[in-house]
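Reader: I should like to understand how the terms used for a binding site are justified. May we go through them one at a time?

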Amino acid sequence: MRTWTKEERYRYLKDPQELLALYQAISASPYRQTFHNQAVTGLMNDPNGFVWHDNKWHLFYQWCPWGAVHGLKHWYHIVSKDLVTWKNLGVCLLPDQEDGYDNKGVYSGSAMPIGDKIYLYYTGNHRDADWTRHAYTCLARLGNDGWPEKYPLPLFGSNPDYTEHQRDPKIIKVPGRDTYYMLIGAQTKDKRGCVLVYTSEELQHGWTFAGELKVPGFENFGDMWECPSIEQIGGREVLLLCPQHMTLPGRGGSQNHNGYILGSMDWDSLTFTPDGQFHVLDFGFDSYAAACANNLQDSDKAVLIAWMGLPDVSYPTDEEDWAGCLTLPRELTIRGRRLIQQPLPELRKLRDERIHPEENGNGVYALPRAAELQLDCRKGDVEVDLFTDEEGQGGIKVTYIDAAKEITVDRSGMQTRFNLEEGESRTRPLENGLFHLRIFVDSSSVEIFVNDGDAVFTSRVFPCSSEHWFRVQGDTFIRLWTLKRAVKDQFLI
Ligand code: FRU
């Protein structure tokens, strides 16, 4: 694996042409996605600033141009009319050089559109000459002409009563209140994850610390909470968070989790009262830093996109100098005590052709590079093997055992195995059995929606040239579509 010097990781981008050769090289990768957003070059991580404005959806992603390394982060801007096809608009927020408040990275944040501007809230990751970290909460204003204007001074610096791990501002307009709220993911001095709340009457100034969010029962849950957010869905409230440096049962050695707690938020006492336990958002392997669109009119639902990747791990494309993509957008609703995640209805537009899978004589079918597979499961055990070889061997195994009422996704059969320490198999109970699977396959990912969004398993996968087959065992009815290209892999910096 390549080692990066500090100078290489934090090199400032001066001229887009510096990236052209890298872009051309990675364009040839068989793992470039066809309907998922991915890093134009280098590394992509969190989705940021997801809003509807000026008749389109705006989304930004954390981007390090130089390679598959968490170095100097920028906000790269993409837009879409329908959340299905996307266009690259180029880099939006660049770190200031030398002594700037964000001299070592424009870190994650959120957005709020007002009038003809989008206000972008982000963390300025500052390092002194001796590499001491300081976190600043910063603001930029993006006009409809696409040019951002950074405010010269941060809205506020870090709170001295916590460690310097303070980041990922989420701006919130609570219906019926004039005050704006901002949540910041943080760490207490005795290393516990928490959320800091700031308030202001104005979006552009006047922000003051209102207190630490109380979440009874979760005072000791990981040592840092990244990307916190509180969403209103179907008249209920959901706290989304990424607790770090803890393990959870059934999730191997994984130290970074993205999950949610249902409950109710009292903005006066800054207390989020849980109504139940912490649930992971995604039962698969590669999903983190999920963000919801900030200004949906319909408060029954929310739309969520996550980074299809994890911190502190590496991926097979690292050697090609790129890594990371985003998940498909998912519509969130609440059923009982669970969040339900379904692919957006608009994603049907991705369908190109319905094909009748032809069996190759070994009980195995060809798996298109970009495909949607739906299975109605009638009764009994089911096994779906994706990315197998021509003989039906290997690949990712999706197994439902009816007697145990459990579904398991196991990726240990792939030729290219990675992040083994995270565990290669995940199981989720299905109290009511399995009746439906909807599976989206792209060049290097698979998203498996179980029982109309009751559970989702998201995984990166790097099939070799012989691993493009699938087979199904059990009493099922299969439908298969090839899918269209939906992201233009365009060199736009
Ligand atoms: C989460 C995260 C954020 C941070 C960003 C930096 O993946 O670590 O907390 O702002 O990534 O890229």
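Reader: What makes the residues of the shell around the ligand nonpolar, polar or charged?

Author: The shell divides into three nonpolar, three polar and five charged residues. Asp, Glu, Lys and Arg count as charged, Ala, Val, Leu, Ile, Met, Phe, Trp, Tyr, Cys and Pro as nonpolar, and the others, Gly among them, as polar. This is a predicted model, in which local features need pLDDT of at least 70 and side-chain atom pairs pLDDT 80 or more, while totals for chains, interfaces and linings use all residues. Residues are numbered from 1 along each chain as its sequence is written, and side-chain values use heavy atoms, without hydrogens and water.

Reader: How do you know which residues are around the ligand?

Author: A residue is near a molecule if one of its heavy atoms lies within 4 Å of it. Asn45, Asp46, Gln62, Lys73, Tyr107, Ser108, Arg167, Asp168, Glu226, Tyr288 and Trp307 are therefore counted as the residues around the ligand.

Reader: Why is the pair formed by aspartate 168 and the ligand called a polar contact?

Author: A side-chain N or O atom of aspartate 168 is 2.5 Å from an oxygen atom of the ligand. A polar contact is a pair of N or O atoms within 3.5 Å, so this pair qualifies. Aspartate 46 also places a side-chain N or O atom 2.7 Å from a ligand oxygen, and for a polar side-chain atom of glutamine 62 the distance to a ligand oxygen is 2.7 Å. The protein covers 92% of the 310 Å² of accessible area that the ligand has on its own, by the Shrake-Rupley method with a 1.4 Å probe.

Reader: What makes the space taken by the ligand a pocket?

Author: On a 1 Å grid over the protein atoms alone, a pocket is an open set of points with protein on both sides within 12 Å along at least five of seven lines. A molecule sits in a pocket if more than half of its atoms lie within 2 Å of its grid points. The ligand takes the space of the largest pocket, which has a volume of about 550 Å³, the space filled by probe spheres set on the points. Of its 27 lining residues, each with an atom within 4 Å of a point, His70, Lys73, Tyr107, Arg167 and Glu226 lie nearest its centre.

Reader: What makes a space a cavity instead?

Author: In a cavity a 1.4 Å probe fits but cannot get out. The search finds eight cavities of 30 Å³ or more, and the largest holds about 190 Å³ of space.

Terms used: Polar contact = N/O pair within 3.5 Å; in protein donor to acceptor, adjacent residues only side chain to side chain.
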